[in-house]
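Colleague: I am new to this structure, and I would like to be walked through some of its parts slowly. Could we take them by question and answer?

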Amino acid sequence: MTEAERPGRVERYLRDLMREGPIHFTLIDPDKSPSATAGRVAQGAVAEGSHAILLGGSTGMSPEKMGAAARAVKGSVPVPAIIFPEGPGSLSRDADAVLFMSLLNSRRLDLVVRAHAKAAPVVRALGLEPIPLGYLVIAPGMRVGEVGEVDVVSRDDTAAAAGYALAAEYLGMRFVYLEAGSGAPAPVPVPLVEAVKAVVSVPVVVGGGIRTAPEARALLRAGANALVTGTITEEEGLGPAFRGILEEVRRARVR
Ligand code: 1GP
């Protein structure tokens with residue numbers, strides 16, 4: 001990709017959709033879902049209106065597992081398969097793009113920037129589209145908070161969240177992701193999303209602990225440009241809760 005081609009094809013697809021309203025990402029963990037399952041989940045999710053598939057998990061990833069999942073997803077649905085990396089070991093040329101993300105509030109310098117210096121040439125060689133993103137973990141943070149040695153932003157610290165998000169934008173990151181942690185008992189608080197939306201102009205992605213339609217509705221009303229759900233499909237498949245969340249996204253898009 002040359003400088004003139006940035007943002008790339010996947011980012012343009014996401015931005016074009018987000019111009020019309022918020023979008024939904026289905027997160028599939030290739031470590032928990034063998035490739036046949038990943039393909040089936042992606043197919044069902046996209047049929048319900050999900051706009052892209054994120055592939056990632058916080059442990060146990062390898063390029064082989066990621067590659068198999070990406071091929072299964074791409075063979076099943078016409079939407080992008082985007083790597084949500086745990087590190088350079090998650091990269092595979094079979095995906096369409098990678099969230100090239102800095103874990104903004106980690107105490108581990110490698111997760112803030114140094115792993116990226118190793119990953120960047122690999123991303124380039126594999127021909128993966130990098131999507132620059134600031135990743136901010138909000139309490140409780142769950143496993144990513146622990147593994148990532150994160151100084152989590154407390155749930156009422158709207159000023160800290162807004163500061164991090166604006167810093168990410170000023171550093172040139174083109175998305176901000178507010179993460180409560182996979183399987184969190186509650187999503188990122190609405191006032192925190194509102195505080196971030198009040199200061200940034202880049203799209204704001206919100207994930208972690210979204211399990212119900214009312215939670216999704218509240219986050220969308222707060223201005224979230226994208227919602228990510230993972231656990232709900234792992235636990236309940238593409239059942240009523242998942243469909244309810246997608247229905248909220250659909251409604252927000254026609255408002
Ligand atoms: C995790 O934000 C995602 O990184 C999704 O979280 O698994 O709780 O839906 P859940």
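The exchange that follows deals with a helix and its neighbours, a group of aromatic rings, and some backbone details.

Colleague: Before we start, what kind of model is this?
Modeller: Some care is needed with the local details, since side-chain atom pairs count only at pLDDT 80 or more. The reason for that care is the kind of model, which is predicted.

Colleague: How far does helix α2 reach from its first C-alpha to its last?
Modeller: Helix α2 covers residues 35–47 and has 13 residues. At 1.5 Å a residue the expected reach is 18 Å, and the computed one is close to it, at 18 Å.

Colleague: Which elements do the buried residues of α2 pack against?
Modeller: The buried residues of this helix are A38, G39, V41, A42, G44, A45 and V46. Their packing partners include two strands, β1 (23–28) and β2 (52–55). The helices among the partners are α3 (63–76), α9 (231–236) and α10 (240–254).

Colleague: At what angle do α2 and α3 pack?
Modeller: Two packed helices are described by the angle between their axes and the distance between the axes. Here α2 passes α3 in a right-handed crossing, and the axes are 8 Å apart, with an angle of about 35°.

Colleague: How do the residues of the contact of α2 with α3 divide into nonpolar, polar and charged?
Modeller: On the α2 side the contact is made by S35, A38, G39, A42 and Q43, and on the α3 side by A68, A69, A72, V73 and S76. Sorted by character, the residues of this contact are 6 nonpolar, 4 polar and no charged.

Colleague: What is the sign of phi at G49, the residue that follows α2?
Modeller: The phi of G49 is near 115°, and its sign is therefore, with zero as the cut-off, positive.

Colleague: Turning to the aromatic rings, how are F84 and Y135 arranged?
Modeller: The structure holds 3 aromatic pairs, and F84 and Y135 make one that links distant parts of the chain, 51 residues apart, with F84 in the loop between β3 (81–83) and β4 (97–103) and Y135 in strand β5 (residues 129–137). Their ring centres are 5.6 Å apart and their planes lie at 85°, which is over the cut-off of 60, so the pair is edge-to-face.

Colleague: Is Y177 buried or exposed?
Modeller: Y177 lies in strand β6 (residues 175–179), 42 residues from Y135, and the two rings form an edge-to-face pair with 5.0 Å centre to centre and 90° between the planes. The relative accessibility of Y177 is 1%, and buried means under 20%, so Y177 counts as buried.

Colleague: Which residues form one aromatic cluster?
Modeller: F84 is buried at a relative accessible area of 9%, and Y135 is buried at 4%. Together with Y177, they make up one aromatic cluster, whose members are F84, Y135 and Y177.

Colleague: Which two residues does a cis peptide bond join?
Modeller: One of the two lies in the loop between β5 and α5 (142–147), and this is P140. The omega of the bond is about 10°, and the residues joined are A139 and P140.

Colleague: Is M142 buried, partly exposed or exposed?
Modeller: M142 is found in helix α5 and has a positive phi of about 50°, although it is not a glycine. Its relative accessible area is 27%, which falls between the cut-offs of 20% and 50%, so M142 is partly exposed.

Notes: Residues numbered from 1 in each chain as written. Predicted model: local features only at pLDDT ≥ 70, side-chain atom pairs only at ≥ 80, totals over all residues. Heavy atoms only, no water. Helix = DSSP H or I, 4+ residues; strand = E, 2+ residues; numbered from the N terminus. Expected span 1.5 Å × (residues − 1). Buried < 20%, exposed > 50% of the residue type's maximum accessible area, 1.4 Å probe, protein only. Contact = heavy atoms within 4.5 Å. Axes fitted to C-alpha atoms, helices over the stretch in contact; angles between N-to-C directions. Left-handed = near helix turned anticlockwise from the far one by under 90°. Nonpolar A, V, L, I, M, F, W, Y, C, P; charged D, E, K, R; others polar. Phe/Tyr/Trp six-rings, centres within 6.5 Å; stacked < 30°, edge-to-face > 60°.
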